[in-house]
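The following exercises are to be worked through with the sequence and the structure at hand. Each task is followed by a solution in steps.

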Amino acid sequence: MTVDVEGMLCAQALAVVHEALRPLAAGTPLTVRGAAADVLADLLVWAKDRGYRATPRADGAVLLEVGTPA
C-alpha cells in the first residue's frame, strides 16, 4: 500500500499515515511518498516512537513496516 503526503504539513501527514496503518496486519509494508524534509524527519521519529520499522529509500520515500520493531 502507498500513501502520498506531498504538500502536507507534518501533523496532517502523520495523521494520514496513522490512518493508513490502522487496518494493516503486522508485517505489512506501507510506502510513504512525497514527504518534505521536515515531514520526513518527523515521520522517522514518529515511527520509531511507535515501534515501526522505518526505512528511508533512495527515491525519497519511506517504507514503514507495521508491527515490526525497529
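**Exercise 1. The surroundings of helix H2**

The buried residues of H2 pack against four elements: helix H1 (10–21), strand E2 (29–33), E3 and strand E4 (62–65). The model examined here is a predicted one.

Task: Determine which residues of H2 are buried, and where they fall when seen down the axis of the helix.

Solution.
1. Begin with the extent of the helix: H2 has 13 residues and reaches 19 Å from its first C-alpha to its last, close to the 18 Å expected at 1.5 Å a residue.
2. List the buried residues of H2, which are Val39, Leu43, Trp46 and Ala47.
3. Look down the axis of H2: these buried residues fall within an arc of 95°, so they line one face of the helix.
4. Turn to the face of H2 directed away from the buried side, where the exposed residues Ala37, Lys48 and Asp49 are carried.
5. Continue past the end of the helix: H2 is followed by Gly51, which has a positive phi, near 80°.

**Exercise 2. The aromatic pair**

Task: State how many aromatic pairs a search of the whole structure finds, and classify the arrangement of the rings of Trp46 and Tyr52.

Solution.
1. The search of the whole structure finds one aromatic pair.
2. The ring centres of Trp46 and Tyr52 are 5.8 Å apart and the ring planes stand at 40°. Planes under 30 degrees apart would count as stacked and those over 60 as edge-to-face, the rest being tilted; the pair of Trp46 and Tyr52 is therefore tilted.
3. Place Tyr52 in the chain: this residue is in the loop between helix H2 (37–49) and strand E3 (53–56).
4. Compare each accessibility with the limit for a buried residue, under 20%. Trp46, at 10% relative accessibility, counts as buried. Tyr52 is also buried, with a relative accessible area of 17%.
5. Note a further neighbour of Tyr52: Val66 is 14 residues away in sequence, yet the C-alpha atoms of the two are 5.8 Å apart in space.

**Exercise 3. A residue of strand E2**

Task: Decide whether Thr31 is buried or exposed, and name its contacts beyond four places in sequence.

Solution.
1. Thr31 is found in strand E2.
2. Its relative accessibility is 9%, so Thr31 counts as buried.
3. With neighbours within four places in sequence left aside, Thr31 is in contact with Met1, Thr2, Val3, Arg57, Ala61, Val62 and Leu63.

Conventions
Residues numbered from 1 in each chain as written. Predicted model: local features only at pLDDT ≥ 70, side-chain atom pairs only at ≥ 80, totals over all residues. Heavy atoms only, no water. Helix = DSSP H or I, 4+ residues; strand = E, 2+ residues; numbered from the N terminus. Buried < 20%, exposed > 50% of the residue type's maximum accessible area, 1.4 Å probe, protein only. Phe/Tyr/Trp six-rings, centres within 6.5 Å; stacked < 30°, edge-to-face > 60°. Expected span 1.5 Å × (residues − 1). Arc of directions from axis to C-beta. Contact = heavy atoms within 4.5 Å.
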